[in-house]
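Trainee: Could you take me through one part of this model closely, and set it in the context of the chain as a whole?

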Amino acid sequence: MLDRMGGIDGIMATMGKVQSMMQTFQQFAPMAKMITSLLPGSKKQGNADKLDEYRPRRSKKSSKKGGKRSSSRSRSGKAPVKRRR
């Protein structure tokens, strides 16, 4: 059965050709989608475009009082620190 398909070398060559064809189709797909959307017979879809674009969720800010503070705020009531030379 392997001999009829060209042996292992023939199978590997065929798989390489298939992979290159698939890569070409994947690169061409966005351009084809844009061209078909510009044609006069195509329908406008507002929500379909939003589903194609991935947007990560925004992180919620914590409302804890003991969170991080900036260095200028935390030192406002303290005496200045003397440094040695």
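Mentor: What follows is a close look at the helix α1 and the segment before it. The model is predicted, and the mean pLDDT of the chain is 76, with 65% of the residues reaching 70 or more. Confidence is highest in α1, at a mean of 92, whereas it is lowest in helix α3, residues 71-74, at 54. The chain holds 3 helices and 0 strands, arranged along the sequence in the pattern α-α-α, and α1 covers residues 7-38.

As to length, the 32 residues of α1 should span 46 Å at 1.5 Å a residue, and the 47 Å between its end C-alpha atoms agrees with that expectation. The helix nevertheless carries a bend of about 35° at A29, and a proline, P30, follows within four residues.

Towards the N terminus, L2 lies in the segment before α1, and this residue belongs to a nonpolar surface patch together with M1, M5, I8 and M12, whose accessible area comes to about 620 Å² for the group. L2 counts as partly exposed because its relative accessibility is 46%, a value in between the limits of 20% for buried and 50% for exposed.

The wider setting of this patch is a chain in which buried residues make up 2% of the 85 residues, and which exposes about 9800 Å², with carbon and sulfur atoms supplying 56% of that area.

Note on methods
Residues are numbered from 1 along each chain as its sequence is written. This is a predicted model: local features need pLDDT of at least 70, side-chain atom pairs count only at pLDDT 80 or more; totals for chains, interfaces and linings use all residues. Side-chain values use heavy atoms; hydrogens and water are left out. Helices (H or I, at least four residues) and strands (E, at least two) are DSSP runs, numbered from the N terminus. Buried means under 20% relative accessible area, exposed over 50%, partly exposed in between (1.4 Å probe, protein chains only). Accessible areas come from the Shrake-Rupley method with a 1.4 Å probe; for residues, only the protein chains shown count as cover. Patches are made of residues with over 30% relative accessible area and no salt bridge: like charges are joined within 9 Å, nonpolar side chains (Val, Leu, Ile, Met, Phe, Trp, Tyr) within 5 Å. A salt bridge is a side-chain nitrogen of Lys or Arg within 4 Å of a carboxyl oxygen of Asp or Glu. pLDDT is the predictor's confidence in each residue, from 0 to 100. The expected span of a helix is 1.5 Å times one less than its number of residues. The bend at a residue is the angle between axes fitted to the seven residues ending there and the seven starting there.
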